[in-house]
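Subject: Structure handover

Hi,

Here is the structure you were waiting for. Please open it next to this email and follow along.

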Amino acid sequence: MDATNPPPAAPPHAAGDALATALQQYWGYDAFRPLQREAMEAVMAGRESVVVLPTGGGKSLCFQAPAVCSPGTAVVVSPLISLMKDQVDALRECGIAAAAINSTISAEDRRETAQRLRAGEIKLLYAAPERLLLDGTLSFLTQIEVSFIAIDEAHCISSWGHDFRPEYRGLKLLRKVLPGVAMHAYTATATERVRGDIATQLGLTAPEFLVGSFDRPNLGYRVQRANNKLGQIREAVARHAGESGIVYCISRKEVERTAAALAELGVKAAPYHAGLSDVERQRNQDAFISERVDVIVATVAFGMGIDKSNVRYVVHAGMPKSIENYQQESGRAGRDGLEAECLLLYSAGDASTWRRMTDMSDPQGAAAALKSIDAMAAFASSVTCRHRALVEHFGQAFPKDNCGACDVCDGDLELVDEPLILAQKIVSCVARLEQRFGGDYTAKVLAGSSEQRILDQGHDSLSTYGLLKGDRPAGIRDWIEQLVGQGFLRKAGEYNTLEITESGLRLLKGDAEPRLLKPATKQHDAKPRSASAADSWEGVDRELFEVLRALRAELAAEHAVPAYIVFSDAALRDMARRRPSTLDGFAEVRGVGQKKLAEYGEAFVEAVVGYCEANAIGLDAVTDASPGRHPGEGAGRSTPGAYAPDAGGGPNASALAAFKFFREGQSIEETASAMGRARSTVVGYLNQYLRQEQVGDPAPWVDASTARRVEDAIDEVGLKGLKPIYEQLGGEVDYDAIRVVATCVANRP
Ligand code: ADP
Ligand code: ZN
């Protein structure tokens, strides 16, 4: 980690303790993530700050926890209504009074909010800058106690940033209107220039700069040449069946095509691009957030305003136009700190597409844009660790030799055996062509093409002509890109003519070692191993995780909030690892604060108990630290969840109530709706009932033909577990039905 100001050695003083308590009480977190404590303490001390953490680094908590611990109301500036709504919903779910003022709030709600603000009841107030800077709002703010001002997505204030919003410039006015109220800026932006600009534009006083590491160790990066784009996308989506993912395409047309192709395969996918109506865009985005669709296929127009924490993969169907864009877009995966896949598919043509789309009317801007495109192309074709390349691009050092979470470090790439000789042939051909030709032409000369223009130039008589006769020009072209990416060649001038760099000259002398990929990389079907993947699933019962996920979806719909706001994937995994049988045990789950314990504890504990009893899995597994912890988050020693003996215990009151319905032959759905319980909870009760009453006939709960199929499958594979049965049935029968039938079969004498 690289903090511009060394972080103070965290003393156990009063503010710190209050913060830690709030973290536990409201959010159910037992440790700070890197720099969170320092950022929070800056707020508590009234010292202005600029906090830079990568996406998923936990910026929101940096101002939310201090807001909870301070008297008065913190004003949070946020650029988008959807972001505000998300954060306000999430805070309320944690039991924190928060409100937003924007155009979607009714006059009545606004009056109520004003009243509660006057009464000092609201801890965080969210507003967009244009709303905040209205005279009415400003004069209102002078009448209430404002604890501090937090500016989220603060890079919007800088014209150097990627999301410049002129309205942000007006925020300086708050200094005059609310003198003495400290301002704090938060962003994920990595460039130093933007950071400095933020402090200047806001007129911050001696701000503390807290800059976290830009590495995202939970993201597994892979870069592949797009040789069968749709097939590669399909494979990625299939690897993550049922999980949330984003597929970025360069053009609207490609978005439409890809979304349609995925939908045809039965994938729940929706398109998103600027050509759709506002209503359609909003509808598709909502469907993604509430998990009615799994995959959103989008142009870069999609993303800002998406706080969804459980995006498990991001595919780029084409190369983005800069590394900054790539980091932003791929960074939307895995905000919850759990492993996620980032797959980049690129073709040599992508860079030319972006070059064509570059606005040349502003020479300075165009030069910068072209440089960014080249840097991105170099990243895509390079064969150095992806984590290292990204982090170093943003000016930080990368300490590890092997990241354990990219295609390069995982050894997924097939490299040519004698790269130096191959590279020397290519570079000397560039020399023979007097550094006056581009990549395509050079590749053809090396391949020994008898194209007319080559013959016209007399290049068929060069010593390097046909030196790589057995290789396809497209493959040679790729090697050239790789050599450019590794800095042995560079592209110059309007026509991208190839030139030899200093290190290229060293290479010719045999003093440098390039890495070159074999032409056709084999297709990999496995997910890239991410360092955290094995850890974060350690001890987790996956079937139980799925049961809990379904319950989460039901409860989220009931509460009209996105699923990830009810519980993050990380919290669900921790539940499926600990398998708590009591509310006390449930409170130990990471991500369960007091409000969520009260609100959801019972439903989840019942689901856990129902599932574990039905499957004879031990409850209350002992884990004294959660594996899969965010890097640097406390000193978590990871201990695999050990199975405790079955806690036993009789059915609780709700279960007994359900038994009555079952005895009357009511179906799962009827019982669920009569009791107002989640389906998965009722399935849990049903299994308890079947075992207690030793029921042998699944008839009222599973239809006869399905029951037959499951029984046949059990005959084939036995009763060792549900998964083999599920697989025997080709995944066509859901686990609930299999479980019911299996329990009945087991009950038969
Ligand atoms: P950012 O705004 O920096 O992208 P968020 O504030 O959205 O990140 O946090 C990302 C995720 O990490 C959220 O699900 C959040 O609840 C979780 N999180 C934040 N701080 C902690 C912590 N100290 N321990 C565990 N999880 C955390
Ligand atoms: Zn790596």
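Below is what turned up, taken site by site. Keep in mind that this is a predicted model.

**Zinc site**

Start with the zinc ion (ligand 2). Its protein donors are the SG atoms of Cys385, Cys403, Cys406 and Cys409. They lie 2.2 to 2.4 Å from the metal. Along the chain, these donors follow the spacing C-x17-C-x2-C-x2-C. Cys385 and Cys403 link distant parts of the chain, 18 residues apart. Cys385 belongs to the loop between α15 (363-381) and α16 (386-393). Cys403 belongs to the loop between α16 and α17 (419-432).

What is the arrangement of the four donor atoms around the zinc ion (ligand 2)? It is tetrahedral, because the angles they subtend run from 104 to 117 degrees. The window for that label is 85 to 135 degrees for all angles. For reference, the ideal angle for four tetrahedral donors is 109.5 degrees.

Are Cys385 and Cys403 buried or exposed? Cys385 is buried, at 7% relative accessible area. Cys403 is buried too, with a value of 7%. The cut-off for buried is under 20%.

**Seven-stranded sheet**

Next, an open sheet of seven strands. Its order is β3-β4-β2-β5-β6-β1-β7, and the pairing is parallel. β3 (98-101) and β7 (208-211) stand at the edges. Each has a single partner strand, so one side of each lacks a neighbour in the sheet. On average, neighbouring strands here are turned by 20 degrees against each other, direction ignored.

At one edge, β3 pairs with β4 (residues 124-127) in the parallel sense, over four bridges. There, Ala99 stands opposite Leu125 of β4. Helix α9 (residues 192-202) packs on this sheet. α9 touches β1 (49-52), β5 (146-151), β6 (183-187) and β7. Its direction makes about 155 degrees with that of β6.

**Six-stranded sheet**

There is also an open sheet of six strands. The order is β8-β13-β12-β9-β11-β10, again with parallel pairing. Which strands stand at the edges? They are β8 (219-225) and β10 (269-272). Each has a single partner strand, so one side of each is left open in the sheet. The twist averages 15 degrees from one strand to the next.

β10 pairs with β11 (residues 295-298) in the parallel sense over four bridges. Tyr272 stands opposite Ala298 in β11.

Two helices to look at here. α10 (residues 229-239) lies across β8, β9 (244-248), β11, β12 (311-316) and β13 (340-346). It runs at about 180 degrees to β13. α15 lies across β8 and β13, at about 110 degrees to β13. The loop after α15, before α16, holds the zinc donor Cys385.

Now Thr299. It sits in the loop between β11 and β12. Thr299 is buried, with a relative accessible area of 9%. Leaving aside neighbours within four places in sequence, its contacts include Tyr248, Cys249, Ile250 and Ser251. Tyr272 and His273 are also among them.

**Nonpolar cores**

The largest nonpolar core has 117 residues. Which residues have the most contacts inside it? They are Ile149, Phe567 and Phe604. Helix α27 (residues 594-614) gives this core its largest share, eight residues. Phe567 touches Phe604 directly. Other contacts of Phe567 include Leu572, Met575, Phe586 and Tyr600.

A second, separate core has 33 residues. Among them are Trp27, Leu53, Ala74 and Tyr126.

**Two covered helices**

Helix α25 (residues 569-578) is mostly covered, with 10 of its 10 residues buried. Charged side chains are listed there too: the buried residues include Asp569, Arg573, Asp574, Arg577 and Arg578. Arg579 follows α25 and has a positive phi, near 50 degrees.

Helix α18 (residues 439-447) is mostly covered as well: seven of its nine residues are buried. Tyr441, Val445 and Leu446 are among the buried ones. What covers them includes α17, α19 (452-457), α20 (473-485) and β15 (497-500). Just after α18, Gly448 takes a positive phi of about 75 degrees.

Best wishes

Key. Residues are numbered from 1 along each chain as its sequence is written. Chains are lettered from A and ligands numbered from 1 in the order in which they are written. This is a predicted model: local features need pLDDT of at least 70, side-chain atom pairs count only at pLDDT 80 or more; totals for chains, interfaces and linings use all residues. Side-chain values use heavy atoms; hydrogens and water are left out. Donors are N, O and S atoms within 2.8 Å of the metal (3.2 Å for Na, K and Ca); water is not among the atoms, so sites may look incomplete. Four donors count as tetrahedral if all angles lie between 85 and 135 degrees; four count as square planar and six as octahedral if opposite donors are over 155 degrees apart and all others between 65 and 115; anything else is irregular. Buried means under 20% relative accessible area, exposed over 50%, partly exposed in between (1.4 Å probe, protein chains only). Two strands pair if DSSP finds at least two bridges between them. Axes are lines fitted to C-alpha atoms, for helices over the stretch in contact, and angles run from 0 to 180 degrees between N-to-C directions. Contact means heavy atoms within 4.5 Å. A nonpolar core is a set of buried Ala, Val, Leu, Ile, Met, Phe, Trp, Tyr and Cys residues joined through side-chain atoms within 4.5 Å.
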